[in-house]
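Please find below a colleague's note on the structure under review. The points are numbered so that each can be checked against the coordinates.

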Amino acid sequence: MSATTALPAFTREIQLVSRPAGRPVPENFRLAESPLPELRDGQILVRNLYISVDPYMRGRMNDVKSYSAPFALDAALDGGAVGEVIASRAEGRKVGDVVVHQLGWREHAMLDANATSVARTDLAPASAFLGALGMTGLTAYSGLLKVAEFKPGDVVFVSAAAGAVGSLVGQIAKAMGASRVIGSAGTPGKVARLLELGFDAAFNYRDAPVRDQLKAATVGKGIDVYFDNVGGDHLEAALAELNIGGHVAMCGAIAQYNSTDATPAPRNLALAIGKQLTLRGFLVGGQRQHRAEFFEKMSAWLADGSVRYDETVVDGLENAPQAFMDLLDGANTGKMLVRL
């Protein structure tokens, strides 16, 4: 049990002031100051070091029923963060501990200690616990191995493959014995990076129809697993190339997050019948039972270099809204983070 003196009485935070119609704009957000109450028993005060910026947050900006409650207006947004404990009234958490929690989008977070986990900064930098060693990594690992039921020898296609999740999926597949891993990305630089990370083939989806480029990349072998972060034309292309008994892990659909019109299903969805495909959506929250297994495997892969990770870091809480908007436009390579 410990505490420090001269603790902050206020903190800065990013609030949602209006719900975006289509693509978010700066006017949807506000930088505000909020008072910090006194710590209660069982609570800690954390100075955030990094906050996570993730595509799923776009859905929470809409006032619609979903798997996660909408963000409230005129209140701080939330999301993954990692920070240093600067005051504690909780057993098991001391000043100086680095912890992961869900009260991001603010400089300081006051919360129950049992809503945090300690980041093993002896294994990796603090920021990695929002990416490769955090929910991002667990999403990639469980989506590929548990949801898509990957087997050694499979041909794997990953969309948005230079993003935080996709880049890990491809490397995990290679580490687990994939015969071929194909990735799509949106710039020549990202395509080059995927090849550096060990992808066997990669293409820029802006260069030509995805279906044509994917077909060429399979070199006549089709694909066995599609890890979908995009939806739309990528899902349609994957359905055309999936082999009989293939699996699709539906993780995200960033192609339609800012859409104001209903998005039609893939025009070739009926292929799933004859090919006996399995298309399964999933949320990382439903995969927490695999966390210990994932952490052990990923720690080893990072240590021996089998898996590497990229980060796109934006400095300053005030720049978090722009970082989020840039994320939706594909400006990031790897994990998008805001450093405070």
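The points below take up helices, aromatic rings, strands and one loop residue in turn.

1. Status of the model. The structure is a predicted model, and every statement that follows should be read as a description of that prediction.

2. Length of helix 3. Helix 3 covers residues 164–175. Its 12 residues, taken at 1.5 Å a residue, should span 16 Å, and the C-alpha atoms at its ends lie 17 Å apart, which agrees. Just after this helix, G177 adopts a positive phi of about 100 degrees.

3. Surroundings of helix 3. Is this helix largely enclosed by the rest of the structure, or open? It is largely enclosed, because 10 of its 12 residues are buried. The buried residues are A164, V165, G166, S167, L168, V169, G170, Q171, I172 and A173. Their cover includes two helices, namely helix 2 (135–147) and helix 8 (291–304). Strand 9 (155–158), strand 10 (180–185), strand 12 (223–228) and strand 16 (335–339) are also included in that cover.

4. Packing of helix 2 against helix 8. The axes of helix 2 and helix 8 are 10 Å apart and make an angle of about 105 degrees. Angles of 65 to 115 degrees count as roughly perpendicular, and the two helices are therefore roughly perpendicular to each other. On the helix 2 side, the contact is made by M135, G137, L138, Y141 and K146. These residues meet R291, E293, F294, K297 and W301 in helix 8.

5. An aromatic pair between these helices. The count of aromatic pairs in the model comes to eight. One of them joins Y141 and F294: the ring centres are 5.9 Å apart and the planes stand at 55 degrees, so the pair is tilted. Y141 belongs to helix 2 and F294 to helix 8, and the pair thus links distant parts of the chain, 153 residues apart. Are these two residues buried or exposed? Y141 is buried, with a relative accessible area of 0%. F294 also counts as buried, at 2% relative accessibility.

6. An aromatic cluster. Ring pairs also connect F29, W105 and F324 into a cluster.

7. The open sheet. Three strands make up an open sheet in the order 2-1-4, with antiparallel pairing. Strand 2 (29–35) and strand 4 (75–76) are the edge strands, each pairing on one side only. Strand 1 (residues 10–16) runs antiparallel to strand 4 and is joined to it by two bridges. Within this pairing, L16 stands opposite A75 of strand 4. As background, strands of a sheet pair through backbone hydrogen bonds, in either a parallel or an antiparallel manner.

8. Strand 3 and strand 7. Strand 3 (residues 43–52) and strand 7 run antiparallel and are joined by five bridges. One point of reference is V46, whose bridge partner in strand 7 is A109. Strand 7 (residues 108–112) is mostly covered, with four of its five residues buried.

9. A loop residue. V219 lies in the loop between helix 5 (210–217) and strand 12. How exposed is V219? Its relative accessible area is 49%, so V219 is partly exposed. The C-alpha atoms of V219 and R180 are separated by 9.9 Å, although the two residues are 39 residues apart along the chain.

How values were computed: Residues are numbered from 1 along each chain as its sequence is written. This is a predicted model: local features need pLDDT of at least 70, side-chain atom pairs count only at pLDDT 80 or more; totals for chains, interfaces and linings use all residues. Side-chain values use heavy atoms; hydrogens and water are left out. Two strands pair if DSSP finds at least two bridges between them. The expected span of a helix is 1.5 Å times one less than its number of residues. Buried means under 20% relative accessible area, exposed over 50%, partly exposed in between (1.4 Å probe, protein chains only). Contact means heavy atoms within 4.5 Å. Rings of Phe, Tyr and Trp (its six-membered ring) pair if their centres lie within 6.5 Å; planes under 30 degrees apart count as stacked, over 60 as edge-to-face and the rest as tilted. Axes are lines fitted to C-alpha atoms, for helices over the stretch in contact, and angles run from 0 to 180 degrees between N-to-C directions. Angles under 35 degrees count as roughly parallel, over 145 as roughly antiparallel, 65 to 115 as roughly perpendicular and the rest as oblique.
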